[in-house]
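User: Please take a close look at a single part of this protein, and explain it slowly enough for a first-year student to follow.

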Amino acid sequence: MELYVYNTLTRKKELFKPINPPNVGLYVCGPTVYGDAHLGHARPGISFDIMFRYLTFIGYKVRYVRNITDVGHLENDSDQGEDKIAKKARLEQLEPMEIAQYYTKRYLDAMDLLNVLRPSIQPSASGHIMEQIEIVEKILEAGYAYVSEGSVYFDVLKYQNDTNKYGILSNRVIEDMLQTTRELEGQHEKRNPADFALWKKAQPEHIMRWKSPWSDGFPGWHLECTAMSAKYLGEKFDIHGGGLDLLFPHHESEIAQSVCAFGHEPTNYWIHNNMITIAGQKMGKSLGNFITLEQLFNGTHKILNKAYSPMTIRFFILQAHYRSTLDFSNEALLAAEKGLKRLLEAQRNLKKISPSKENTVNINEINQKCLEAMNDDFNTPIVISYLFEAATIINRLIEGQEKIDEKGLEALNKLFDNWLFEILGIKDELSSNMMPTIEGLVKMIIELRQDARANKDWAKSDELRDKLASLGVKIKDSKDGVSWTLD
RNA sequence: GGUCUCUUGGCCGAGUGGUUAGGCACCGGUCUGCAAAACCGUCUACUCCAGUUCGAAUCUGGAAGAGACCUCCA
């Protein structure tokens, strides 16, 4: 079976063919580490984690590179021209690198909680200044850049005239852009407002700076990805991913840089995840709906009714296709939480099922459909819908409404192991070191309650149930005995 | 203003030229001392207008609304 992926470059689903099978090179634009990881970081983190996991699952050897941007992004407010990290550092009287390290760690911790696998390589921009300078030199040699007052700019018009490629990814038309580009400081250094910086000369107060042939300064906005992807994946690699908001100018400029430095485009497949909205609105600091992942996990933001666990967030994100916008709301999150609980409970109940001689269910068909869904541009919502189907099957098996043989039971176990845990990356948050203790305690209390029930002491029985419930332990009575779950 | 995208039932969210997506919520039933869970069943859709078609929510055109990008941004 073949994998199809949606390529932003062609706006079509295309058959995925790696350059050097079984190896696959995947590069994804990572976070700028000057602030806490927020909801917006979760989407690409999880979306590309899924691709990393699935490509690996179907047998590819994936090298996944996700950069850490700790330098070079300019601010556009009153502190124009000042590096984001440098600005924050001065405010807090810390070394820029200290800030970057701090937020890098916080970001990775949040991604760990979301069960996002660590990429194969996580290079930082500040650690690759030499590589970036080399690319600037290559582009200068090729004649597509010019030096102006210590800074180096990419000559967009010349590039466009020679290659007719500026805009192939984002469908921008240069003439349109020239009319709409705003007046910015430093604009006079450029030949054309559409030109972008490859190297910026640092102002005296600018702390983060490196020596270069042109000035003490720092690399331009788009350079690090070109430099680091080329270094670790080669000048031409398979997949470049990132958020849709990076389409222009970031990715368009990356293409331009690669074409001029290496003579060809950097990647075969461009994949973009869509954005997250909150109650239909874009998340933004000014809108008051800016939620960090930490706030989400402990429910401390004012628009949240409660805390939502990392797995709830992950599951919620996977219930939408990565190319659709996804709207956050308490109601939607709650629905995801309950749905995931149902799925995990069914999975836990698998071990209660004993195989029979007959078999009335077709697990292989479900597995096949899951494969088809993932091969159709990583359609995780469809995969999840089939897992719910499997959950219903499990419940019906327990109720004796269906029968499964040994082979089928094995396939059912594998279905959840492969799809829910390995590929979708869900983990059962209940499993912890304390579980054996908790299990023993709850069992003890349930026995006490059973005694009360045997004596028809309903008051006592209900009291025990209520007290357990207040601790998050839910009792379920059934014909075959008592079971319980932890919220 | 330009470019791109979207508009599905109470909510979230798939998908397709003709057949139930799925989850959550609601309602009825089974089960239960009661409840919860589970199971069975029911219900609520495809923004609007016009066209193509035997048939469109799905294709085409138009309208309205929303979002993203054009400026740091996931």
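The part to look at is the open sheet of three strands, together with what surrounds it.

Analyst: This is a predicted model, in which local features need pLDDT of at least 70 and side-chain atom pairs count only at pLDDT 80 or more, while totals for chains, interfaces and linings use all residues. Residues are numbered from 1 along each chain as its sequence is written, chains are lettered from A and ligands numbered from 1 in the order in which they are written, and side-chain values use heavy atoms, with hydrogens and water left out.

To place the sheet, start with the domain assignment of chain A, which gives domain 1 as 4-273, domain 2 as 277-423 and domain 3 as 435-486; these bounds come from an automatic or database domain assignment. The centres of domain 1 and domain 3, taken over C-alpha atoms, are separated by 56 Å.

The elements named below are DSSP runs numbered from the N terminus, helices being H or I with at least four residues and strands being E with at least two. Two strands pair if DSSP finds at least two bridges between them. The open sheet has the strand order β12-β11-β13, and its pairing is mixed. β12 (281-282) and β13 (326-328) are the edge strands, each with a single partner, so one side of each is left without a neighbour in the sheet. Strand β11, residues 276-278, pairs with β12 over two bridges in the antiparallel sense, and within this pairing threonine 277 stands opposite lysine 282 in β12. Helix α10, residues 310-318, packs on the sheet, where it touches β11 and β13, and its direction makes about 145° with that of β13. Contact here means heavy atoms within 4.5 Å, and the angle, on a scale from 0 to 180 degrees, is taken between the N-to-C directions of axes, which are lines fitted to C-alpha atoms, for helices over the stretch in contact.

Next comes helix α11 (residues 330-349), whose 20 residues should span 28 Å at 1.5 Å a residue, and whose end C-alpha atoms are indeed 28 Å apart; the expected span is 1.5 Å times one less than the number of residues. Its buried residues include Asn330, Leu333, Ala336, Gly339 and Leu340, where buried means under 20% relative accessible area, exposed over 50%, and partly exposed in between, with a 1.4 Å probe and protein chains only. The buried residues of α11 pack against α10 and β13, against α13 (380-398) and α14 (406-423), and also against β14 (473-478) and β15 (481-486).

Helix α13, one of those partners of α11, has 19 residues and reaches 27 Å from its first C-alpha to its last, close to the 27 Å expected. Among its buried residues are Thr380, Val383, Ile384, Tyr386 and Leu387, and what covers the buried residues of α13 includes α1 (39-57), α10, α11, α12 and α14. Just after α13, glycine 400 takes a positive phi of about 80°.

Side chains of opposite charge can pair when their charged atoms come close. A salt bridge is counted when a side-chain nitrogen of Lys or Arg lies within 4 Å of a carboxyl oxygen of Asp or Glu, and the structure holds 23 of them. One of these joins arginine 323 to aspartate 377, with the closest N and O atoms 2.8 Å apart. Arginine 323 lies in the loop between α10 and β13, and aspartate 377 in the loop between α12 (363-375) and α13, so the pair ties together parts that are 54 residues apart in sequence. Arginine 323 is partly exposed, with a relative accessible area of 28%, whereas aspartate 377 is buried, at 0%. Elsewhere, Asp36, Arg106 and Glu294 are linked in a network of salt bridges.

For a comparison outside this part, consider helix α16 (residues 458-470), which contains serine 461. Serine 461 is buried, with a relative accessible area of 1%, and, leaving aside residues up to four places away in sequence, touches Arg449, Ala452 and Arg453. Lysine 467 and glutamate 463 form a salt bridge whose closest N and O atoms are 3.0 Å apart; being four residues apart in helix α16, lysine 467 and glutamate 463 are separated by about one helical turn. Glutamate 463 counts as partly exposed, at 34% relative accessibility.
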